[in-house]
Structures are given as C-alpha cells and as structure tokens.
Amino acid sequence: MKHDDPLLRIIACPIDKGQLTLLLPEEFLYNPRLHRRYPIIDGIPQLLPSSGARVPDDEHERILRRMSP
C-alpha cells in the first residue's frame with residue numbers, strides 16, 4: 001500500500017468510522033483519535049475491530065510527530 005492508493009480515501013476505522021493514516025515503512029493504518037493501529041498484511045488492511053491494537057501514550061506521541069509536516 002502507498003500514500004497515493006485510492007483505497008485510503010474510502011477505508012475507515014471499524015470502530016469510529018473515521019479516517020485512518022497510512023504509516024510507512026512499518027505498513028500500518030493509524031487512528032489517532034482512538035490511539036489504535038491496524039496492520040497491513042500482504043498488502044491487505046486488517047480492519048476488524050479485533051485486529052486493531054491500542055498503542056501506549058508514548059508511542060502515540062511519536063506517531064503524531066511523524067504525522068505532522
């Protein structure tokens with residue numbers, strides 16, 4: 001998956017239905033509102049609520065810094 005993938009415009013968090021952010025090179029989708037990340041396995045986003053993992057506050061802060069321009 002790449003940042004310009006059209007799929008990114010339509011996929012949403014399975015919990016709050018909000019937009020997700022693609023983070024590379026780790027290849028996961030992130031929901032900053034819920035501090036949850038969803039893996040991408042073999043190019044396929046794993047978007048079941050149970051596939052998401054809550055990230056600790058310190059990791060959340062690092063991710064937010066990476067997301068900021």
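**Close-ups of a predicted model**

**View A. Phe-28 is buried, and it sits in strand 2**. The relative accessibility of Phe-28 comes out at 6%, so this residue counts as buried, the bar being under 20%. Keep in mind that this is a predicted model. Tyr-30 is buried as well, at a relative accessible area of 0%. Strand 2 covers residues 28-31, with Phe-28 and Tyr-30 pointing one way and Leu-29 and Asn-31 the other way. All of these side chains are buried, whichever way they point. In general, the side chains of a regular strand take turns between the two faces of the sheet.

**View B. One aromatic pair turns up, with an Arg over a ring**. How many aromatic pairs does a search of the whole structure find? Just 1. The partners are Phe-28 and Tyr-30, with ring centres 6.5 Å apart and planes at 80°, so this is an edge-to-face pair. Phe-28 has another neighbour: Arg-37 lies over the face of its ring, 4.7 Å from the ring centre.

**View C. Strand 1 and strand 2 make a hairpin**. Strand 1 is residues 21-23, and its antiparallel pairing with strand 2 runs over 3 bridges. Look for Leu-22, which stands opposite Leu-29 of strand 2. There are 4 residues between the two strands, and Glu-27 in this turn has a positive phi of about 60°.

**View D. Strand 2 goes on to form a hairpin with strand 3**. Strand 3 takes in residues 36-41 and runs antiparallel to strand 2, with 4 bridges joining them. One bridge to pick out is Asn-31 with its partner Arg-36 in strand 3. The turn has 4 residues between the strands, and here His-35 has the positive phi, about 60°.

**View E. Arg-36 is buried without a salt bridge**. Which side chain of opposite charge is nearest to Arg-36? Asp-16, but it is 8.9 Å away. With a salt bridge needing a nitrogen-to-oxygen distance within 4 Å, Arg-36 therefore has none. What Arg-36 does have is a side-chain polar contact of 3.4 Å with Tyr-38. Along strand 3, Arg-36, Tyr-38 and Ile-40 point to one face and are buried. Arg-37, Pro-39 and Ile-41 point to the other face and are not buried.

**View F. Strand 3 also pairs with strand 4 and strand 5**. Strand 4 (residues 44-45) runs antiparallel to strand 3, joined by 2 bridges. In one of these pairings, Ile-41 has Ile-44 as its bridge partner. The hairpin between strand 3 and strand 4 has 2 residues in between, and Asp-42 in the turn shows a positive phi of about 55°. Strand 5 (residues 53-54) is another antiparallel partner of strand 3, over 2 bridges. Arg-37, already met over the ring of Phe-28, stands opposite Ala-53 in strand 5.

Methods:
Residues are numbered from 1 along each chain as its sequence is written. This is a predicted model: local features need pLDDT of at least 70, side-chain atom pairs count only at pLDDT 80 or more; totals for chains, interfaces and linings use all residues. Side-chain values use heavy atoms; hydrogens and water are left out. Rings of Phe, Tyr and Trp (its six-membered ring) pair if their centres lie within 6.5 Å; planes under 30 degrees apart count as stacked, over 60 as edge-to-face and the rest as tilted. Buried means under 20% relative accessible area, exposed over 50%, partly exposed in between (1.4 Å probe, protein chains only). A charge sits over a ring if NZ of Lys or CZ of Arg is within 6 Å of the ring centre and within 35 degrees of the ring normal. Two strands pair if DSSP finds at least two bridges between them. Lys and Arg count as positive and Asp and Glu as negative; His and the chain ends are not counted. A polar contact is a pair of N or O atoms within 3.5 Å; within protein, one must be able to donate a hydrogen and the other to accept it, and residues adjacent in sequence count only if both atoms are side-chain atoms.
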